[in-house]
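Here is a walk through one protein model, a few pieces at a time. Have the coordinates open and follow along.

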Amino acid sequence: MCQIKQEMKRICALLAGAIISAQLFAQTYTPTEDNLASRKQFQDDKFGMFIHWGASSVLGHGEWVMNNRNIQVNDYRRLINVFNPQNFDAAKWVAAAKSAGMKYITFITRHHDGFSNWDTKQSDWKITNTPYGKDVLKMLAEECHKQGIKLFCYYSLLDWYRGDYQYETGRTGKGTGRTEKSNWESYISFMKAQLTEILTNYGEISGIWFDGHWDQLDNDNDKALKSKVNWHYDEIYQLIHKLQPKCLISNNHHLTPLPGEDYQAFEKDLPGHNTTGFGGASVSELPMETCETMNDSWGYNITDRRYKSVKNLVQYLVKAAGYNANFLLNVGPMADGTIQPEFTDTLAALGKWMAKNGETVYGTRGNVVPPKDWGVVTLKEKTAYLHILDKPEQPGFLFIPELKEKINKAKLFATGKEVKFKQQPEGTFVYLDGIILDETDTIIQVDLK
């Protein structure tokens, strides 16, 4: 049996083992067949849009502005009188994602400032109480369903606004002026009620993306730290899977996935990497996703002009696929509801690249061949795609010791020009004679027998 087939079988066996282990640890959750199918489709989709947006966008200083500037609740609440996204157009947002080659959108329903982007009945701190007055989640959900884009909902676990959140033991939101004693059970009930609204009133929701667990830890580095609160994940996850069994759950806690979670999130890092200081969690066998910004900010930041190049983002997407992860790329629309042209121009350029080369990313699996100094390998059934992102150390050839299955043909994906190769017991040599490397990604398609 070839090494690639053996590796694929090993991954499948480990995935099955991880599911069984999770079931033993949390007897309450057994993934349905529909849920498992959703996981596979999620892995096939590969590319999504993250949208950070809400009342904080008015201040033009990122979504952490309430915490970073120690704005007190009574002062911050005044944003409800001026947040008026009169240029919000759900069709344009969804079309921008679709034209970029993205298959799903993860939208901020409630960020750490507690502002709800839908007509929740659980709080008056919501978009339908602004001068705009409309339920943007409803419009976005309808447009996603219309255009065939899946909708995931980001939901913050922590809250800088509410007094019942246990802010006394949290690491952030210390300067927002809360003095009353928190009421944790009340807060958990509030979150359950809000999640029930999202999963009941807006049609099919493909996933819930949690964030904020780390607020109740002393730091992000020690992965053995215990949370200072009981998040009631077993109850919350059970509720979600009961309301929508196909709905996937992820939690950006920077840890190895907990029982009941369906895919693993990585923030601004590839799986297993730790350039951020809060990475480094063990890589699970669940589906994976990494998220990244187009500049340095998640929410709208009027002074941030550190835009990443199209080349940088294409290579991040390809590397993520090579690590067997999806790529969730963020936009931070302006307060009026417009996605700024620097973002839409980049999205259009990414869409052109994906229109030509998406076949080498969509539906593929990675980590079958470990990443190399020159790039990564993605695999789809009997076809391997060698993505050359950097000049190899040996400029005349690529050596892939893991590729031992018999090769039928190798060719440049862009032109169909035949590429020479030689297979030896120690691995496969692919020769680059006469090939001018593309500065972004040179793709060699290898057809296996």
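A residue counts as buried when its relative accessible area is under 20%. Keep that cut-off in mind, and keep in mind too that this is a predicted model.

**The cysteines**

Let's start with Cys 153, which is buried, with a relative accessible area of 0%. Cys 247 also counts as buried, at 0% relative accessibility. How far is the sulfur of Cys 153 from the closest cysteine sulfur? The distance is 8.0 Å, to Cys 247, and that is too far for a bond. Seen from the other end, Cys 247 is in no disulfide, and its nearest cysteine sulfur is that of Cys 153. Searching the whole structure turns up 0 disulfides.

**Two individual residues**

Leu 157 sits in the loop between E3 and helix H7 (184-201). Is Leu 157 buried or exposed? It is buried, with a relative accessible area of 1%. Setting aside residues up to four places away in sequence, Leu 157 touches a list of residues that includes Arg 110, Tyr 165, Met 191, Phe 210, Trp 231 and Asn 251. Tyr 187 is also one of its contacts; the C-alpha atoms of Leu 157 and Tyr 187 are separated by 9.7 Å, and the two residues are 30 apart along the chain.

Now for Gln 43, which belongs to helix H2 (residues 33-45). Gln 43 is buried too, with a relative accessible area of 14%. Neighbours within four places in sequence aside, Gln 43 is in contact with Pro 287, Asn 324, Asn 326, Thr 364 and Arg 365.

**Helix H5 and what it packs on**

Helix H5 covers residues 90-99, and its buried residues are Ala 90, Trp 93, Val 94, Ala 96 and Ala 97. Why do they end up on the same side of H5? They cover an arc of only 155° around the axis, which puts them there. The general rule behind this kind of pattern is that an α-helix has 3.6 residues a turn, so residues three or four places apart point the same way.

Those buried residues of H5 pack against two strands, E1 (47-51) and E2 (104-110), and two helices, H6 (136-147) and H10 (341-357). At the N-terminal end of H5, Asp 89 acts as the cap: one of its side-chain oxygens lies 3.0 Å from the backbone nitrogen of Ala 91. Just after H5 comes Gly 101, with a positive phi of about 90°.

**Strands and their pairings**

Strand E2 has 7 of its 7 residues buried, so it is largely enclosed by the rest of the structure. It pairs with E1 in the parallel sense, and E2 also runs parallel to strand E3 (residues 150-156). Ile 105 is a handy residue to click on: it is the bridge partner of Met 49, and it stands opposite Leu 151 in E3.

Further along the chain, 4 strands form an open sheet in the order E9-E10-E15-E12, with antiparallel pairing. Its edge strands are E9 (375-380) and E12 (407-412), each pairing on one side only. Neighbouring strands here are turned by 20° against each other on average, direction ignored. Helix H9 (residues 310-322) packs on this sheet and touches E9 and E10, and its direction makes about 60° with that of E9.

There is also an open sheet of 3 strands, ordered E11-E14-E13 and paired antiparallel. Strands E11 (397-400) and E13 (421-424) stand at the edges with a single partner strand each, so one side of each has no neighbour in the sheet. The twist averages 15° from one strand to the next.

Here are the pairings with their bridge counts and one facing pair of residues for each.

| Strand pair | Direction | Bridges | Facing residues |
|---|---|---|---|
| E1 and E2 | parallel | 4 bridges | Met 49 and Ile 105 |
| E2 and E3 | parallel | 6 bridges | Ile 105 and Leu 151 |
| E9 and E10 | antiparallel | 6 bridges | Thr 378 and Tyr 385 |
| E11 and E14 | antiparallel | 4 bridges | Leu 398 and Val 430 |

Technical notes
Residues are numbered from 1 along each chain as its sequence is written. This is a predicted model: local features need pLDDT of at least 70, side-chain atom pairs count only at pLDDT 80 or more; totals for chains, interfaces and linings use all residues. Side-chain values use heavy atoms; hydrogens and water are left out. Buried means under 20% relative accessible area, exposed over 50%, partly exposed in between (1.4 Å probe, protein chains only). The arc is that of the directions from the helix axis to the C-beta atoms. Contact means heavy atoms within 4.5 Å. A polar contact is a pair of N or O atoms within 3.5 Å; within protein, one must be able to donate a hydrogen and the other to accept it, and residues adjacent in sequence count only if both atoms are side-chain atoms. Two strands pair if DSSP finds at least two bridges between them. Axes are lines fitted to C-alpha atoms, for helices over the stretch in contact, and angles run from 0 to 180 degrees between N-to-C directions. A disulfide is a pair of cysteine sulfur atoms within 2.5 Å.
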